[in-house]
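Here is a short tour of a beta sheet and the helix that lies against it. Have the viewer open and follow along strand by strand.

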Amino acid sequence: MAEFSWDVRSPLDRALVVGPYGAQGEAGVSLTEIRNFGLIQVMARRGKAAETGKAAKARFGVTAPETPSAVSTADATLIWSGPDQFLVLSRDGSHTMETLAPAFAGSASLSDQSHARALISVSGAEARTMLAKLSSIDLHPDVFPIGGAAATSMDHTSVTLWRGKDRADGQAVFDLLVFATFAETLWHTMLDAAAEYGVAIAHSEDLG
């Protein structure tokens with residue numbers, strides 16, 4: 001009998017090369033792929049949005065986003081992904097289908113998206129400028145503050161975009177989820193858009 005083994009790899013495994021890219025000098029954009037995370041989509045069943053909201057509040061201690069926004073807890077980030085639905089992003093996959101199913105039994109349907117998306121963190125002095133080349137979303141801090149989120153597109157690719165906590169140096173951090181099958185194409189597009197500012201490329205196992 002033939003033996004099979006599955007080697008789980010990042011969707012950016014072939015495309016990501018750690019190190020500097022583009023213009024010389026201090027990098028204006030940092031691109032970091034986050035690899036070790038869990039992602040569960042929670043979708044309220046018909047007429048169960050309020051019940052799902054109560055379940056989320058009881059499970060996470062915060063109100064799940066009902067508008068385009070993201071809210072963080074000690075071990076998860078809840079990200080709006082559409083009407084009556086949100087994503088649960090967790091470090092090391094600490095929130096799984098098995099642990100969340102009892103909390104949402106009867107009110108919402110769950111879907112494990114952990115290996116269906118790539119997670120990319122964008123930061124740096126020129127991060128907004130670079131992202132403005134690819135997205136029509138206004139990322140000015142007055143319009144898109146920390147916790148702002150959008151289900152949008154970049155270069156015709158659907159993404160979930162939100163603004164996380166600023167870096168220690170005060171630079172804004174934008175995180176985006178993209179379907180794994182489109183991750184490599186979007187990655188190269190982002191590199192092209194950021195090259196003139198200099199890019200620092202990395203990957204991390206830590207969601208931060």
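## A pairing in the sheet

Let's begin with one residue pair in this predicted model: V122 stands opposite F174, which belongs to strand 11. The strand that pairs here is strand 8 (residues 117–123), joined to strand 11 by 7 bridges in an antiparallel arrangement.

F174 of strand 11 also has R163 opposite it. Strand 10 (residues 157–163) and strand 11 run antiparallel too, and 5 bridges join them.

## Strand 11 and its surroundings

Is strand 11 largely enclosed or left open by the rest of the structure? Of the 7 residues in strand 11 (residues 173–179), 6 are buried, so the strand is largely enclosed by the rest of the structure.

## The whole sheet

Stepping back, these strands belong to an open sheet of 7 strands with mixed pairing, in the order 1-12-2-8-11-10-9. Strand 1 (19–21) and strand 9 (149–154) are the edge strands, each pairing on one side only. On average, neighbouring strands of this sheet are turned by 30° against each other, direction ignored.

Strand 8 has a further partner to look at: strand 2 (residues 29–34) pairs with strand 8 in the antiparallel sense over 5 bridges. Within that pairing, E33 stands opposite I120 of strand 8.

## The helix on the sheet

Which helix packs on this sheet? Helix 4 (residues 180–194) does, touching strand 1, strand 2, strand 8, strand 9, strand 10, strand 11 and strand 12 (199–204). The direction of helix 4 makes about 140° with that of strand 11.

Methods:
Residues are numbered from 1 along each chain as its sequence is written. This is a predicted model: local features need pLDDT of at least 70, side-chain atom pairs count only at pLDDT 80 or more; totals for chains, interfaces and linings use all residues. Side-chain values use heavy atoms; hydrogens and water are left out. Buried means under 20% relative accessible area, exposed over 50%, partly exposed in between (1.4 Å probe, protein chains only). Helices (H or I, at least four residues) and strands (E, at least two) are DSSP runs, numbered from the N terminus. Two strands pair if DSSP finds at least two bridges between them. Axes are lines fitted to C-alpha atoms, for helices over the stretch in contact, and angles run from 0 to 180 degrees between N-to-C directions. Contact means heavy atoms within 4.5 Å.
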